[in-house]
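Me: I am new to this structure. Please take a close look at one part of it, the salt bridges, and then show me what else is worth seeing.

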Amino acid sequence: MEYLPDCRARMALDLLANTWHGVVLWALRNGPVRPVTLRGRIGGISDKALAETLRRLEHNGLVTRQRYREAPPRVEYARTPLGESLLGPLEALGDWADRHGDDLLAAQDGVS
């Protein structure tokens, strides 16, 4: 089987290869959230990285941005049905990482 440049599996893997995409989608699993709340839920993400990630996820149809016309202005992000469809695979990947994380760290340290 050839993996063509426009292969759908490559497209999906490329989407999840970004460090923050899966983390942000998972952080949105319980409903709409403001960016400041997301930053509090996600350790180590900068404001710039969060803003870029949310824009990419919105561009790919995985999240929506809701702007409220209030003073001060308020914005919330939520998963779309397409974004929701990734929660199962993300949970499976998280379970795998939980089961095999020690093995990965040992391999990286050169311990067999």
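**Salt bridges and their surroundings**

Reply: Tryptophan 96 makes a good starting point before the charged pairs. At 37% relative accessibility, tryptophan 96 is partly exposed, because that value lies between the 20% and 50% cut-offs. The model is a predicted one. Tryptophan 96 sits in helix H6, which covers residues 87–108. On the surface, Trp96 joins Leu93 and Leu104 in a nonpolar patch. Together these residues have about 280 Å² of accessible area.

Now the salt bridges. Side chains of opposite charge can pair when their charged atoms come close. The count here is 5 salt bridges. One of them pairs aspartate 47 with arginine 39, at 2.8 Å from N to O. Arginine 39 is partly exposed, with 30% relative accessible area.

Arginine 74 has a salt bridge with glutamate 70, with the closest N and O atoms 3.1 Å apart. Arginine 74 also bridges to glutamate 76, where the closest N and O atoms are 3.1 Å apart. Glu70, Arg74 and Glu76 are thus linked in a network. Glutamate 70 is partly exposed, at 39%. Glutamate 76 is buried, because its 16% relative accessible area is under 20%.

Next, a buried residue. Threonine 53 belongs to helix H4, residues 47–59. Its relative accessible area is 0%, so threonine 53 counts as buried. Beyond its neighbours within four places in sequence, threonine 53 is in contact with Asn18, Trp20, His21 and Val24.

Last, the largest pocket. Its volume is about 290 Å³. The lining includes Asn18, His21 and Asn60. Helix H1, residues 8–17, gives the largest share of that lining, 4 residues.

Notes
Residues numbered from 1 in each chain as written. Predicted model: local features only at pLDDT ≥ 70, side-chain atom pairs only at ≥ 80, totals over all residues. Heavy atoms only, no water. Helix = DSSP H or I, 4+ residues; strand = E, 2+ residues; numbered from the N terminus. Buried < 20%, exposed > 50% of the residue type's maximum accessible area, 1.4 Å probe, protein only. Contact = heavy atoms within 4.5 Å. Patch = residues over 30% accessible without salt bridge, like charges linked within 9 Å, V, L, I, M, F, W, Y side chains within 5 Å. Areas by Shrake-Rupley, 256 points an atom, 1.4 Å probe, with all protein chains shown as cover. Salt bridge = Lys/Arg side-chain N within 4 Å of Asp/Glu carboxyl O. 1 Å grid on protein atoms, 1.4 Å probe; cavity = no way out; pocket = protein on both sides within 12 Å on 5 of 7 lines; lining within 4 Å. Points joined across faces, edges and corners; volume = space filled by probe spheres on them.
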